[in-house]
Amino acid sequence: MIVQNEKGYVFFSSITRPMKATYCSTGSNEDFIFSDYYSTWFLVCSNVTDNSGNSTAVSEQLFRTNRVEFTQLAAEYKVVNLGQGFPDFSPPPFIQEAFCKAVSGGPTMHQYTRAFGHPPLVKSLAKFFSGIVGHEIDALEDILVTVGAYQALFCAFQALVDEGDEVIIVEPFFDCYQPMVAMAGGKAVYVPLRPSGAVLSSGDWVLSAEELASKITARTKAIVINTPNNPIGKVYKTEELQMIADLCIKHDLLCISDEVYEWLTYDGAKHVKIASLPGMWERTVTVGSAGKTFSATGWKVGWAMGSGQVIKHMKTIHQNTVYHCATAAQEAVGHGFEREHKLFGSPESYFQQLPATLQQKRTKLAACLESVGLQPVMPEGGYFMIADISSVKVNLNDQSTDEADDFRFVKWLIKEKGLATIPVSAFYSPEHRKEFDNYIRFCFVKEDSTLDAAEEILRKWSQEQ
Ligand code: PMP
């Protein structure tokens, strides 16, 4: 629920306690927040004027403002969209067929199922991941099925973060982590991945063990990581994960590991689950997404996996917010995992085919960016690529000078060239944003025709230079 205090600040009343939603800037009147879901930025007003004096009006105003901004931008500029973080192609036939079969599978497929996860789905997830994590996963105790990975993250922060707790977030980070920590009453503490050396690959972005250790205090509750990372594409190596694990164990911390892009790795990079490292199963919540796994983001099926002792707290939040998720979608995802279990490691496996397809798209996009002087950072995983814009000379004079360079550049690219991307500094905290405002993010989980259209825009631009 959104309410307002006498100063006009927006508050959220969480399940357990009311608190200020600090993601709404109180210093300026507007903040741009970028979202993978709305294809471009949308506007959030702070100091919202509540004309009618009731809380509903505030929430309606927030809602309306977001939509207006999105609708305006989408209508105003006809863009080739490499900003959106989801495929513009269909999921593989086997999973679509599984969904159709589920929908025509009789009355039970259209009614409520088990609150914490449809039994066939949690069973297939447990079977699939037990071998990978190296732990016999209890389907009913250790897994919570959620409305996308997004709700798994929400449940994790609400359930595990108490008022005044500190949560270390490794930057760049998926934009919902910070508001979710704040809504739980916690304080986000940031440690950036920093480029080291030539910065040709996402592997050149590293986390300093000293810097991470220096942020741990008596109030630290958890460390949040995302591997493969959005937006950089970094796939954490075992030794990097071990360093984080050692700190978690030493200081008795939880680890929330967002692994939604786990099957998307390139050039032999191997995704390792931090939960599989010794002593980490008990203290890790691993977050996954069927949307990313089967290219079906609109189904919004996700999960959290970990020790039943941790997951049980998240179940309480889930039970008192959404209660349970769409039955037919869960049934279909369960079939998808059954299939992948049988085909695991074979060329027919979608978990082999999708990264192979994306690897080609990655190469195509990188070549095209280089041709206009945008230096790509080759991602080891995920479906995003960032590129350095510092050597590109464009006239941004008509853009607001208060904004970061990457924000201005992205707006220029949309308005002048009809190509939508995302500024990378939006994935950093205000304290570190300035250091990382020379990169923009492209999404390459797109039809070749979409990438061709982007290439054409960039080609024309390079001829004009
Ligand atoms: N985590 C990361 C890193 C993401 O990029 C996304 C989606 N863009 C999510 C979580 C949310 O996933 P879902 O669509 O399953 O809610």
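Here is a walk through one sheet and one pocket of this predicted model. Residues count from 1 along each chain as its sequence is written, and side-chain values use heavy atoms, without hydrogens or water. Because the model is predicted, local features need pLDDT of at least 70 and side-chain atom pairs pLDDT 80 or more, while totals for chains, interfaces and linings use all residues.

Let's start with the sheet. Seven strands make an open, mixed sheet in the order S7-S15-S14-S13-S12-S8-S9 (strands are DSSP E runs of at least two residues, helices H or I runs of at least four, numbered from the N terminus; two strands pair if DSSP finds at least two bridges between them). S7 (143-147) and S9 (187-192) sit at the edges with a single partner strand each, so one side of each lacks a neighbour in the sheet. On average, neighbouring strands are turned by 20° against each other, direction ignored.

At the S9 edge, S8 (residues 166-171) runs parallel to S9, joined by six bridges. Glu166, for instance, has Lys187 in S9 as its bridge partner.

Now the pocket. The second largest one holds about 410 Å³ of space (a pocket is an open set of points on a 1 Å grid over the protein atoms alone where a 1.4 Å probe fits, with protein on both sides within 12 Å along at least five of seven lines; lining residues have an atom within 4 Å of a point). Of its 16 lining residues, Glu262, Trp263, Lys270, His271 and Phe344 are closest to the centre. Helix H11 (residues 350-371) supplies the largest share of the lining, five residues.

Technical notes
Grid points are joined across faces, edges and corners, and a volume is the space filled by probe spheres set on the points. Axes are lines fitted to C-alpha atoms, for helices over the stretch in contact, and angles run from 0 to 180 degrees between N-to-C directions.
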